[in-house]
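Reader: I've got the model open and I'd like to learn how to read its features. Could you walk me through a few of them?

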Amino acid sequence: MRKQTKFNQQKRVAIRNHSAEANLFSRRIFIAFLGVIVLVLVLFNNIYDFQVNFYDKYQTRSNSNRIKLLPVEPNRGLIYDRNGVLLAQNKPVYSIEVIPEQVDDIKKTIVNVSTLLGISEEQQQKFFKTLKGKRRFKPLELKSRLSDQQIALFSVNQHHYPGVFIEARLKRYYPFGYLTTHTLGYVARINRKDANKLEDDGISENYAATRNIGKSGLEKYYEKILHGTIGHQAVEVNNQGRIIRTLNFTPPVPGKDLTLTLDIELQMIAKRALSGKRGAVVAIDPRDGGVLAMYSNPSYDGNLFVHGISSKNFKKITDSKDSPFLNRAVQGGYPPASTVKPFLALTGLDAKIITPETKIKDDGWYQIKGVDYKWREMSRWGHQWVNLAKAIEKSCNVYFYHLAYNLEITRISNMMEKFGFGNYTGIDLREEIQGIMPSEQWKRAKHNQPWYPGETVHIGIGQSYWTVTPLQLAQATSILANEGQIKIPHLLKTITERATKTSYDSNAKPTSGPLITNIMHESKPPIVIDNHQNWRFVLDAMHNAVQKRGGTGYEAFRGSRYDAAGKTGSAQVAGLKQGEKYDAASTKESKRDNAMFIAFAPYENPEIVIAVAIENIAKGGGGFNAAPVARQIMDQYFGKRVIISQDKSKHPHHDNIYGKK
Amino acid sequence: MRSSGQDQQKIHSIWHRLHIDLPLLAGLLCLITLGLFVIYSAGGQEINIVFKHASRAGFALIVMLVVAQIPPLTYRKWAVPLFVIGLVLLISVLLFGHVGKGAKRWINIGITNIQPSEIMKLIVPIMIAWYVSEYNLPAKLNTIIIAFILVLIPTLLIAKQPDLGTSLLIASSGIFVIFLAGASWKLIISCAGLASAFVPVLWFFLMKDYQKQRVLTFLNPEQDPLGSGYQIIQSQIAIGSGGLNGKGWLQGTQSQLEFLPERHTDFIFAVFSEEFGLIGVSLLLLVYLFIVMRGLWIAVNAQDAFTKLLAGSLTLTFFIYVFVNIGMVSGILPVVGVPLPLVSYGGTSMVTLMAGFGILMAISTHRRFHV
């Protein structure tokens, strides 16, 4: 059957019209060929579209595929003291890192390296944990902050461990640690809050490579100057993100260096003088407002924060009842106590409430009409008849109770605000607090109460609501010593732009030396009083308080070779009940008196102003506790210089003469 | 042509006796050589991969020469047994085949693994050309329907593996025979209408999820630029960024930096476009066009209906290869696994293609009736 049909078909082929079939076929081939041409044109047109019409678009996309901009961190500016001593530097920190791809047996290698360097089991586990899901050619940190010994040990054995290497990174280091932390502040890891702030300021791009940021002190205040400008490395990467080659390098611009007005040697003396005490000292050059020393005790080590402080260390600092975090120099609000007497005296003279000759009988207490309360004198029996000079010299309370009561609060607060009390001094630290200069408005706003005249009496000896920071006190003393001229206190002296010796950009002009900018600090209009002689009168009284036997600061400055002036103060921390006698030994430590002292030297053309505050002293007052601190700093400041008026006629009463014990 | 001198006649006859069609061979060698260079660039500049490809190309050339020695009459005689064997192999692949890349395509026949769908690329046009040429041309409707069914069986079996690319190529090889056999235009148009009506059925009942995903990605690759759209986007970037002159050999960043997947196999055209630009692409298209024209010329000059239909179908299928590959790489067709013929790395498809060209050469050089 099948054979039959096959035969028939064969037969049919024999009789088919070959030329007609060939023609038909050729026509169909021709049509197919036309189709081929059309499709080739379709393909060509499409490719033409890609390669000619949209070339730019795809060129850009191709480049963005392969070219990545790697940010390069700028080196942070250094910080020097006024004599060029390095206070904040960038120190290489060595860590051991591993590129997993280059290691044959990662487990074995890590264990061996760890055994060699004594890396803990815990750290190894941490490494293996981070190893998972990481790209194999990216370096991973096994241990950071290697010791010199570990570095040496590994360097010798490095050839045993291909793919394991030591990496150096620059980290901030404060060589003086505790000594400078409150002033310099510290840098630490940029956290979410910092990142948001950078984002808001529109400078987050400049921080793309930066790990740490100034968190407090000058590091924070001058962050923008210290940070520098980010650099970029344009690299070609493959689809795995592995860097194939560097295409282009824009070097970062290092941050500018800061030179401070601070003198690290004075700082050391300050630390020593305050050791074992809670308190702060501020020394200012009254001629320009430059802060020579600023130290708050206790302090802490800012270096701990640079690598991320451990919770144990952090707890240790926060748990301390001495509050080491507090920068008492600008954040400690202390009752100024008797140190305000010279200022009140000036106010009294200017308001013509008193004259230098005004005398008051001091029986050891003061009373105002209609009030039973007795304001008391330090010395139980009083100073009897005292004039203004003696009242400052001996720190007579009753005189100033009387003066303050008669001045009334408004006149006092108006004048004291001119001296900067109750306001920011404008120093280049963000931590500064305002302190309190009480006034009628202040009390209404704060306590919603009227001002009572009795409170003004307390103001007379720098108590009641009045609080000042040591810096404010130093600044006010500086204004006083300058006879009204106001220089804003500051820590920054100059900004230095380091010369880039190895310039990556051939177009950049080689700079011959560092570019130093002297900072011009703004000043305020001076305090003007009616009779300029009054300045001298008050300053002379302060001079006597130190130089005249029996003056409150006399003992502390005995034998000094420079001509200092000053005023002591002892502030009650806890209010005493009527008739109660203060006894330091029987009072709880935190309720004991504070010791205060302000001073300047030399008496003529002063170069240094100091304010000291010491909390909760065991015995004595400002003269016994705080004045010696100022003495030590001034001794260091003047060194072997002898600045003393030998002209007895000028200072007839002075007993503190060089050479005499 | 033949009267132009003794020497040429002699040379012509030497190639003729070896059953080699010289222009075709020149075109093919051109592509294979080009392929070696592009593979070197796309394959991470490893010379080993080039050697491997060259040896496969050499083998494929030998296969072509061997096939060219077989007179076309033999294929005609063996069409039905070959077709039956092919179907048996396809069915056994579905039953016992190896799974590779999510599809069953390979079968172990003792000595080695073979891919029956590749062999069917040749057997189907032989079978259909034989069947249609048994009757007078233009083919009648019932002949066409039976031919259609004969095409459909292997197509569906291969689509089931699943290997959409190959099944499409096999279907088109059969359909080309039917078209060249003079199927009426009325029929062609109504079939086209029917086929488009079949599309929803295909989408909802026959296509697998990954195939549907490919189509969706094709329609909008930017929808998932890092996932399913990645390949086609990177391919388009490679092509576009090549521009007029190209980035230069070994300089294509998309391929050298490995942004482009499957760059030495299915997507080698993107590498070529990136490195040689529109000028290179134009030349490549011209070489393909030249080979197609030569193949069609052989078909027109073939001596009987069977060889004409077979030669025409093989040539047009070769072009469809080119069109589908370049179309998918440049994003005008969905991604189906079709290599760029004779350029892409990979031995199997090259051997089949070269065997096909061997048949073309046989058709061009074996004369039943020497005039």
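Author: Sure, let's start with burial: buried means under 20% relative accessible area, exposed over 50%, and partly exposed in between, with a 1.4 Å probe and protein chains only. A:Glu236 is buried on that scale, at 4%. Before we go on, a word on conventions: this is a predicted model, where local features need pLDDT of at least 70, side-chain atom pairs count only at pLDDT 80 or more, and totals for chains, interfaces and linings use all residues. Residues are numbered from 1 along each chain as its sequence is written, chains are lettered from A and ligands numbered from 1 in the order in which they are written, and side-chain values use heavy atoms, with hydrogens and water left out.

Reader: What does A:Glu236 form a salt bridge with?

Author: First the rule: a salt bridge is a side-chain nitrogen of Lys or Arg within 4 Å of a carboxyl oxygen of Asp or Glu. For A:Glu236 the partner is A:Arg245, with the closest N and O atoms 3.1 Å apart. A:Arg245 is partly exposed, at 45% relative accessibility.

Reader: Which side chain meets B:Asp21 in a salt bridge?

Author: That of B:Arg294, at 2.6 Å from N to O. To place them, note that helices (H or I, at least four residues) and strands (E, at least two) are DSSP runs, numbered from the N terminus. B:Asp21 sits in the loop between α1 (6–17) and α2 (22–42) of chain B, while B:Arg294 is in helix α12 of that chain, 273 residues apart. B:Asp21 is buried at 4%, and B:Arg294 counts as buried too, at 18%.

Reader: How many salt bridges does a search of the whole structure find?

Author: It finds 24 over all chains. Some join up: A:Arg76, A:Arg172, A:Glu219 and A:Glu223 are linked in a network.

Reader: Which residues form the nonpolar patch on the surface?

Author: Patches are made of residues with over 30% relative accessible area and no salt bridge; like charges are joined within 9 Å, nonpolar side chains (Val, Leu, Ile, Met, Phe, Trp, Tyr) within 5 Å. Here they are A:Tyr48, A:Val52, B:Leu244, B:Ile279, B:Leu283 and B:Leu286, with about 530 Å² of accessible area together, by the Shrake-Rupley method with a 1.4 Å probe, where for residues only the protein chains shown count as cover. α12(B) gives the largest share, three residues.

Reader: Is B:Leu283 buried or exposed?

Author: Exposed, at 52% relative accessibility. B:Leu283 lies in helix α12 of chain B.
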